[in-house]
Each structure stands twice: as structure tokens, then as C-alpha cells.
Amino acid sequence: MDAFRVIISPLISEKSMNEAAKGRYSFKVAVAANKKDIKKAIEEKFKVNVTKVTTMTVKGRSAKAGVRRIETLKSPFKKAIATLKAGEKISIFDQGAAK
């Protein structure tokens, strides 16, 4: 798979920012991607060395939104957590932590 099709977006949340300080970065990835594809894509795209990749499928769930409490369905997606070699960082996560 193409590196730019494997990684859909970084996952930015309070928990992921705390993990980023420890060298673990979270990404939303393509459902068809495997751990080897994800590792290769992160190394290519961000020029870092990945030591470990953990994946999980986040189930879709219903969510109520708006004044009328309209129920919608959030799509399921695949999440990957990449552990980097000690001392390496990904800059897009550092920018979010600085705010």
C-alpha cells in the first residue's frame, strides 16, 4: 500500500498527547493496512524509526447531536499506536502539546 493511503490522520486527544510524551503516537489508519504497512508508512512519511506497532479496530457507535437530539452513527475505524526509538519525535504532535 502507498504510505499516504495507509495513514489517514493523527489522533489528537488528551490521552494521545500524554502518550506522545512517552514516545507512543496514535494514528487513524486504513482498515486494510497491516502492521508492516503501517510501520513502513510512518517511517517513510515522518523519517523516524518505529520499534513497535499496535493496532485495534474502534467500533462504530451511535451518537446523539443537536437540539433535536438526532441520532447518528459514527463509523468504525482502525487505530494504530506506534512506539518510536528512544529520543525520536514526530513534530505534528509536539505542536499540539505546546498550545
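Is Thr 57 buried or exposed? I opened the notebook with this residue, and I found that Thr 57 counts as exposed, since its relative accessibility is 61%. I note at the outset that I am working with a predicted model, and that each value below is computed from it.

**Entry: Thr 57 and Val 58**

I placed Thr 57 in strand β3, and I then looked up what lies beside it once the neighbours within four places in sequence are set aside, which left contacts with Phe 77 and Lys 78. I also checked the spacing of the backbone here, and the C-alpha atoms of Thr 57 and Pro 76 are separated by 7.2 Å, although the two residues are 19 apart along the chain.

I went on to Val 58, which is likewise found in strand β3 and which counts as partly exposed at 27% relative accessibility. Not counting residues up to four places away in sequence, Val 58 touches Pro 76, Phe 77 and Lys 79. From C-alpha to C-alpha, I read 8.8 Å between Val 58 and Ser 75, a pair that is 17 residues apart in sequence.

**Entry: the chain as a whole**

I stepped back to the overall layout, and I counted 4 helices and 6 strands in the protein chain, which follow one another along the sequence in the pattern α-β-α-β-α-β-β-β-β-α. The C-alpha trace spans about 50 × 35 × 20 Å along its principal axes. The chain has 99 residues, of which 26% count as buried. I looked up the sequence range of the contacts as well: among those with a separation of 6 or more, 61% join residues 24 or more positions apart.

**Entry: the nonpolar core**

Which residues have the most contacts inside the largest nonpolar core? I found that this core has 21 residues, and that Tyr 25, Phe 27, Ile 38, Ile 42, Ile 90 and Phe 93 are the ones with the most contacts inside it. I then asked which elements supply it, and α1 (3–6), α2, β2 (24–29), α3 (35–46), β3 (50–58) and β6 (77–84) each contribute at least two residues.

I took Ile 90 from that group for a closer look, and, leaving aside its neighbours within four places in sequence, I listed its contacts as Tyr 25, Phe 27, Ile 42, Phe 46, Val 48 and Leu 84.

**Entry: Ser 16**

I turned to a polar residue, Ser 16, whose place is in helix α2 (residues 14–20). Ser 16 is buried, because its relative accessible area is 5% and the cut-off for buried is under 20%. I looked for a partner for its side chain, and I found that the side chain reaches the backbone oxygen of Leu 11 at 2.9 Å. Setting aside neighbours within four places in sequence, I noted that Ser 16 is in contact with Leu 11, Arg 24 and Ser 26.

**Entry: charged side chains**

Arg 24 led me to the charged groups, and I kept in mind that side chains of opposite charge can pair when their charged atoms come close. How many salt bridges does a search of the whole structure find? My search of the whole structure returned 2 salt bridges. One joins the side chains of Glu 19 and Arg 24 at 2.5 Å, N to O, and another joins those of Lys 22 and Glu 19 at 4.0 Å, N to O. Glu 19, Lys 22 and Arg 24 are thus recorded here as linked in a network of salt bridges.

I compared these residues with their accessibility: Lys 22 is exposed at a relative accessible area of 57%, Glu 19 is partly exposed at 21%, and Arg 24 counts as partly exposed at 29%.

**Entry: aromatic rings**

I looked up ring pairs, and the structure holds 1 aromatic pair. I also found a charge over a ring, where the charged end of Lys 28 sits over the ring of Phe 77 at 5.0 Å from its centre.

**Entry: Lys 47**

My last check concerned backbone angles, where Lys 47 has a positive phi of about 55 degrees although it is not a glycine. I located Lys 47 in the loop between α3 and β3, and I noted that it counts as exposed at 69% relative accessibility.

Technical notes: Residues numbered from 1 in each chain as written. Predicted model: local features only at pLDDT ≥ 70, side-chain atom pairs only at ≥ 80, totals over all residues. Heavy atoms only, no water. Buried < 20%, exposed > 50% of the residue type's maximum accessible area, 1.4 Å probe, protein only. Polar contact = N/O pair within 3.5 Å; in protein donor to acceptor, adjacent residues only side chain to side chain. Contact = heavy atoms within 4.5 Å. Phe/Tyr/Trp six-rings, centres within 6.5 Å; stacked < 30°, edge-to-face > 60°. Lys NZ or Arg CZ within 6 Å of the ring centre and 35° of its normal. Core = buried A, V, L, I, M, F, W, Y, C linked by side-chain atoms within 4.5 Å.
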